[in-house]
Amino acid sequence: MRMIGLIGGMSWESTAVYYRRINERVRKRLGGLHSADVVMRSVDFAEIVDLQQADAWDEAAKVLADIGRDLSGAGASCLLICTNTMHKLADSVQRAVDVPLLHIVDVTAEALKTAGVKRPLLLATRYTMEQDFYLSRLRERHGINAMVPDAVDRTIVHDVIFNELCQGLVREESRQLYIDIIARGQAAGADSVILGCTEIGLLLSPQCIALPAFDSTLLHADAAVDFALGCDDALKAA
């Protein structure tokens, strides 16, 4: 089993989902008392949010690159950035290390293509929905043209993530707001939904969504297990 390196804490609410999911999948695959070989560094998310809000992405890239080097030096055979938004800096982290970084967009895109969907609605932080790093990778590498909600709905999605989900708050009224946003996306032509923030799965389950839903957190964690256990598909996605 290869060691998985997790760059976590953004927020720790979703990093906990990663850790549990990875270990559950290893136990399911190998049985008995097996669990994953994991090394994790969990940051102080408030400091990262300050850098995001200050548009200090170069400084944030240095922080994550340094962590990536530390995890690689600790024996990690692959790295995961346990957040969609900070994949804006994925290339900087990958350049800093000699081990593969499993990119959350590529992993999610492979699931979309396998399902045969063409026009997903992306729900994520404002940075992910409004900057082009995520949408362009879907489009240029995978031929997937994702939609985003309108400006008012993007604000709702973003605020629920930071003001509630990242702080451990799961509210029924916010769940309904998201469901309504998805319904508007469907009316505008969306054929699926990307839960493109690692916390959104805390609020929404596929059972409450009228469209096929792709939880980037679970897909990313499962790809890490595939890599750790030597699955060629995970290597290809990397």
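In the predicted model, strand E4 (residues 120–123) and strand E5 (residues 192–195) are paired in the parallel sense, with 4 bridges between them. Within this pair, Leu-121 is placed opposite Val-193 of E5. In a regular strand, side chains point alternately to the two faces of the sheet. Strand E4 is covered on both faces, since Pro-120 and Leu-122 on one side are buried, as are Leu-121 and Leu-123 on the other.

Leu-122 of this strand is also among the residues touched by Thr-128, when residues up to four places away in sequence are not counted; the others are Asn-84, Thr-85, Phe-133, Tyr-134 and Gly-196. Thr-128 itself belongs to helix H6, which spans residues 126–130. With a relative accessible area of 0%, Thr-128 falls under the 20% cut-off and is therefore buried.

A further part of the model is an open sheet of 3 strands, arranged in the order E2-E1-E3 and paired in parallel. Strand E2 (38–42) and strand E3 (78–81) form the edges of this sheet, and because each has a single partner strand, one side of each is left without a neighbour in the sheet. From one strand to the next, the twist averages 20°. Strand E1 (residues 4–8) runs parallel to E2 and is joined to E2 by 5 bridges, with Gly-5 having Val-39 in E2 as its bridge partner. Helix H1 (residues 12–30) packs on the sheet, where it touches E1, E2 and E3, and the direction of H1 makes about 160° with that of E1. Helix H10 (residues 216–228), in turn, lies across E1 and E3 and runs at about 175° to E3.

The interior was also examined for enclosed space. Rolling a probe the size of a water molecule over the atoms reveals where empty space remains. The count comes to 1 cavity of 30 Å³ or more, and the largest cavity has a volume of about 70 Å³. The lining of the largest cavity is made up of Met-10, Phe-45, Gln-52, Thr-83, Thr-85, Thr-125, Ile-161, Phe-162, Cys-166, Cys-197 and Glu-199. Helix H2 (45–53) and helix H8 (151–163) are the elements that give two or more residues to this lining. By residue class, the lining of the largest cavity divides into 6 nonpolar, 4 polar and 1 charged. Thr-85 links two parts of this description, as a residue of the cavity lining that is also touched by the buried Thr-128.

Conventions
Residues numbered from 1 in each chain as written. Predicted model: local features only at pLDDT ≥ 70, side-chain atom pairs only at ≥ 80, totals over all residues. Heavy atoms only, no water. Buried < 20%, exposed > 50% of the residue type's maximum accessible area, 1.4 Å probe, protein only. Contact = heavy atoms within 4.5 Å. 1 Å grid on protein atoms, 1.4 Å probe; cavity = no way out; pocket = protein on both sides within 12 Å on 5 of 7 lines; lining within 4 Å. Points joined across faces, edges and corners; volume = space filled by probe spheres on them. Nonpolar A, V, L, I, M, F, W, Y, C, P; charged D, E, K, R; others polar. Pairing = 2+ DSSP bridges. Axes fitted to C-alpha atoms, helices over the stretch in contact; angles between N-to-C directions.
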